[in-house]
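These are my notebook entries on a structure that I had not looked at before. I set down each point as I looked it up.

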Amino acid sequence: MQLKRTFEFFTLLNATYIFVIAPELAGVSSGAFSAFSLFVYLLYLIANVDATLKILRDKQLLLALLALFIIPVLVTGFAVVSSSLEPMREIGDRFLFVITIMATAVYARSVPLTRIRLGIWVVTSITVGGILLSLVRPELFYAAGERLETAAVFSSRGFGFFLQPNTASLALCALYLAFLLLAPRRGANLFLVLVFVGVTMTASRGGITVLAMMVLAREIAAGNIIRRRSISIKQIKRL
């Protein structure tokens, strides 16, 4: 149980991108944080070895995981020979990404759906809170921005823990999609308001466009637009 709580904690840090500023808050390097995250995820997979083996027996998922790891490594071109550390970092990040997906899949199969929904609410709320914080106190993100060589100031645009307005807005759109897949009706409107507020604070045209398209697709899938149109046509005929 303690291991599951630790896994949830590190997943929260990674999903919200708090890990970007965590080194400044905890006084550790980003590399050390990534290494410890990898250790926790591997330990979780080993502790749930039966569920892990079931995932590895899923050929489609296994091929997808291999593609996520191997293709970027090949694109990197094995430039390790050039003695550059960047290819090694890319390989390490990709390996952590794949292990994270595997551990998350194992976790999702071991907890009730309500807990996953709650997790999405928490991650979204923290993400929106981070965007608001970057508007009110942008100086809190300066150190992380300098370390990552990322401009952490976007004149009146919220960027949150992602340090990039467009990335933050698209992350919220992805969370909205995950919410719709798990809970298409329950609390959907309230969740949409939360996501809309966050995306609006980033002032990202791409994020706003994607969110609008997702809402439109949701309404079409639910039949609301077609139903309203048919009702309007009937009313016009009556007149």
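**Entry 1: Asn14 and Tyr41**

In which helix is Asn14 found? I located Asn14 in helix 1, where helices (H or I, at least four residues) and strands (E, at least two) are DSSP runs numbered from the N terminus. Before going on, I noted that this is a predicted model, in which local features need pLDDT of at least 70, side-chain atom pairs count only at pLDDT 80 or more, and totals for chains, interfaces and linings use all residues. Residues are numbered from 1 along each chain as its sequence is written, and side-chain values use heavy atoms, with hydrogens and water left out.

I then looked up the surroundings of Asn14. Setting aside neighbours within four places in sequence, I found Asn14 in contact (heavy atoms within 4.5 Å) with Phe19, Phe33, Ser37 and Tyr41. The side chains of Asn14 and Tyr41 also make a polar contact of 3.0 Å. I recorded the meaning of that term: a pair of N or O atoms within 3.5 Å, of which, within protein, one must be able to donate a hydrogen and the other to accept it, while residues adjacent in sequence count only if both atoms are side-chain atoms.

From the side of Tyr41, again without neighbours within four places in sequence, I listed contacts with Phe7, Phe10, Thr11, Asn14, Leu96, Ile99, Thr100 and Ala103.

**Entry 2: the chain as a whole**

I counted twelve helices and zero strands in the secondary structure of the chain. Of the 239 residues, 33% are buried; buried means under 20% relative accessible area, exposed over 50%, and partly exposed in between, with a 1.4 Å probe and protein chains only. Among contacts between residues at least 6 apart in sequence, 69% join residues at least 24 apart.

**Entry 3: the largest nonpolar core**

I looked up the largest nonpolar core, a core being a set of buried Ala, Val, Leu, Ile, Met, Phe, Trp, Tyr and Cys residues joined through side-chain atoms within 4.5 Å. Of its 48 residues, Tyr41, Leu172, Tyr176, Val195 and Leu211 touch the most other members. Two or more residues of this core come from each of helix 1, helix 3, helix 6, helix 7, helix 9, helix 10 (188-202) and helix 11 (205-222). Helix 9 gives the most, with eight residues.

**Entry 4: the largest pocket**

I recorded a volume of about 1800 Å³ for the largest pocket. On a 1 Å grid over the protein atoms alone, a pocket is an open set of points where a 1.4 Å probe fits, with protein on both sides within 12 Å along at least five of seven lines, and lining residues have an atom within 4 Å of a point. Grid points are joined across faces, edges and corners, and a volume is the space filled by probe spheres set on the points.

The lining has 47 residues, and Thr11, Asn14, Ala15, Tyr17 and Thr100 lie nearest the centre of the pocket. Which helix supplies the largest share of the lining? I found that helix 6 does, with twelve residues.

**Entry 5: Thr127 and Val136 in helix 7**

Is Thr127 buried or exposed? I entered Thr127 as buried because its relative accessible area is 2%. Thr127 lies in helix 7, and a polar atom of its side chain is 2.7 Å from the backbone oxygen of Val123. Residues up to four places away in sequence aside, Thr127 touches Thr16, Phe162, Leu172 and Leu175.

Val136 is also in helix 7, but I entered Val136 as exposed because its relative accessibility is 56%.

**Entry 6: two positive phi values**

Tyr17 has a phi near 70°, a positive value in a residue other than glycine. I placed Tyr17 in the loop between helix 1 and helix 2 (22-26), where Tyr17 is partly exposed at 33% relative accessibility. Leu163, also not a glycine, has a positive phi near 60°. I placed Leu163 in the loop between helix 8 (142-147) and helix 9, and Leu163 is buried at 1% relative accessibility.

**Entry 7: Asn166**

Last, I looked up Asn166, which lies in helix 9. The side chains of Asn166 and Ser204 are joined by a polar contact of 2.8 Å.
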